[in-house]
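User: I would like to go through the reasoning behind some structural labels, with each value set against its definition.

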Amino acid sequence: MATPVKLIEKEFLLKVLYDEQLPVIYHKDRLEYIFYLDKPVKSVLFFKTGQHIRKLRVRDNIELKFDYRGQVIIFTVEILTIKDTDITCTVPDFLYKNLGRSYSRVGLPPEMQVRFTFLGDRYDLSFPKLQQYDTVEMGNFIESIDPRNLSGLIDQMAAWIRNYASGYKLVLFKDVRPSTVDERIIAETGKALYLPTTKGGFPLTDPFPRKKIITEEMFFRYLETTGVGTGFLGAACARFIRAKVDEGIFSDAWIPILFHEYVIGYIHIWISDAGKPPFDYKVVETMFLFTKVLAHSLEINGYFEQGKIRNNFFDGKVIDISASGLLFTYPHSDLSSALLPETKLMVSIDTPDRDLAVNTEIIRRFKDSSHGYFGCQFSEMEQDDLRFLFEFIYGKPFTEFDAKFLAGQV
């Protein structure tokens with residue numbers, strides 16, 4: 001994860017840049033340019049370069065980097081003036097170290113074309129849709145269940161539930177739309193509504209590494225979206241739980257059934273027998289595994305077949321690329337809404353000398369008023385392909401020094 005350096009360290013590093021005349025590197029169109037600070041840093045940065053840089057314009061934002069004692073530092077500046085080999089830039093707001101990516105980012109070379117397509121099946125369904133979701137791994141759990149036998153799976157699940165719960169209910173949102181508070185909040189979050197005991201409240205924290213349950217804070221945020229004032233959140237939450245007590249429920253859990261980015265339904269389990277122990281986190285985790293197998297069973301039995309979308313290539317505008325990933329943008333649309341974190345894509349990279357097909361995964365996304373932005377990390381790339389991509393992007397051989405400089409501390 002990129003870490004901004006503190007103000008004192010930033011001032012020290014900028015002073016070192018001038019005092020020690022450290023080379024500052026800028027990549028542009030497969031060429032590497034070296035900048036040196038020509039004056040101590042005050043209100044602007046005065047750089048000298050060894051040569052004129054083509055296509056560099058005033059007001060361009062450029063990313064620069066330097067190596068200080070084995071630690072790669074990067075920063076972004078805006079160009080203020082250009083005169084021959086003299087360039088003045090703004091003083092950066094931040095310097096960054098401990099970067100999350102493995103190689104330096106550069107603009108897309110003019111001779112390179114990039115296209116994208118989804119890996120695996122994709123669907124357009126009428127179920128509630130999540131803006132972000134985590135995949136649920138089944139592990140060895142599926143080995144004891146035949147997912148092709150849907151009725152047998154439900155019977156097996158019901159038998160397991162009876163050991164822990166007084167009753168259960170399976171609901172698919174194809175038959176009914178979310179209407180109750182319980183249904184709406186799990187449809188919006190894709191997380192379980194879990195009350196270990198109705199004598200208490202919602203969990204204050206989520207113990208799962210990949211967050212799965214609705215905490216008290218999340219429930220309060222949901223109440224605010226329904227118009228409940230800040231000063232009344234505690235009372236509204238208490239009334240919600242009290243209604244369950246009035247129904248004779250001692251422990252309660254609503255587990256969403258997730259399929260890709262859709263919440264297709266839920267399994268509601270509850271305890272109304274005073275002698276039964278309350279649900280613990282292991283019960284919740286097992287129920288999530290059941291819902292995963294249930295969604296898989298529905299898939300292989302053709303339940304979602306009519307909503308399957310053909311995967312065609314699409315053109316995203318690549319903002320920058322490195323030997324380990326890229327950042328691209330796409331206008332807001334049904335397609336861009338499906339580009340969620342953990343979505344896997346195949347990237348076709350075409351150059352005059354060689355064409356590559358690289359698997360990648362979206363690891364972050366953000367958006368503005370008109371576009372989504374998607375940061376991707378390459379995976380499973382052959383060493384020869386990595387070497388070629390590196391040399392094509394940076395316009396120089398892949399040497400041990402470059403590997404250390406561009407990858408070692410980044």
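The exchange below takes up helix packing, sheets and individual residues in turn.

User: What kind of model is this, and how are its residues numbered?

Analyst: This is a predicted model, in which local features need pLDDT of at least 70 and side-chain atom pairs count only at pLDDT 80 or more, while totals for chains, interfaces and linings use all residues. Residues are numbered from 1 along each chain as its sequence is written, and side-chain values use heavy atoms, with hydrogens and water left out.

User: Why are α4 and α5 called roughly perpendicular?

Analyst: The axes of helix α4 (residues 216-225) and helix α5 (residues 233-246) cross at roughly 105° and come within 10 Å. Axes are lines fitted to C-alpha atoms, for helices over the stretch in contact, with angles running from 0 to 180 degrees between N-to-C directions. Angles under 35 degrees count as roughly parallel, over 145 as roughly antiparallel, 65 to 115 as roughly perpendicular and the rest as oblique; α4 and α5 are therefore roughly perpendicular to each other.

User: Which residues make that contact, and what is their character?

Analyst: With contact meaning heavy atoms within 4.5 Å, α4 contributes Phe 219, Phe 220, Leu 223 and Glu 224, and α5 contributes Leu 233, Gly 234, Ala 236, Cys 237 and Phe 240. These residues divide into seven nonpolar, one polar and one charged, where Ala, Val, Leu, Ile, Met, Phe, Trp, Tyr, Cys and Pro count as nonpolar, Asp, Glu, Lys and Arg as charged, and the others, Gly among them, as polar.

User: What makes β9 and β16 edge strands?

Analyst: The open, antiparallel sheet of six strands has the order β9-β18-β19-β20-β17-β16. Strands are DSSP runs of E of at least two residues, and helices are runs of H or I of at least four, numbered from the N terminus; two strands pair if DSSP finds at least two bridges between them. β9 (113-118) and β16 (317-321) each have a single partner strand, so one side of each is left without a neighbour in the sheet. The twist of this sheet averages 35° from one strand to the next.

User: How do you know that β9 and β18 pair?

Analyst: Six bridges join β9 to strand β18 (residues 344-350) in the antiparallel sense, and the definition asks for at least two. Within this pairing, Val 114 has Ile 349 of β18 as its bridge partner.

User: How do you know that the length of α8 agrees with its number of residues?

Analyst: The expected span of a helix is 1.5 Å times one less than its number of residues. The twelve residues of α8 (residues 383-394) should span 16 Å, and its end C-alpha atoms are 16 Å apart, which agrees. Helix α8 lies across β16, β18, β19 (355-367) and β20 (371-379), running at about 70° to β19. Its buried residues (under 20% relative accessible area) include Leu 386, Phe 388 and Tyr 394.

User: Why do Asp 84 and Glu 380 count as exposed?

Analyst: Exposed means over 50% relative accessible area, with partly exposed lying between that and the buried limit, for a 1.4 Å probe and protein chains only. Asp 84, in the loop between β6 (71-83) and β7 (86-90), therefore counts as exposed at 60%, and Glu 380, in the loop between β20 and α8, counts as exposed at 71%.

User: What makes the phi values of Asp 84 and Glu 380 worth noting?

Analyst: Most residues other than glycine have a negative phi. Asp 84 has a positive phi near 55°, and Glu 380 has a positive phi of about 55°, although it is not a glycine.
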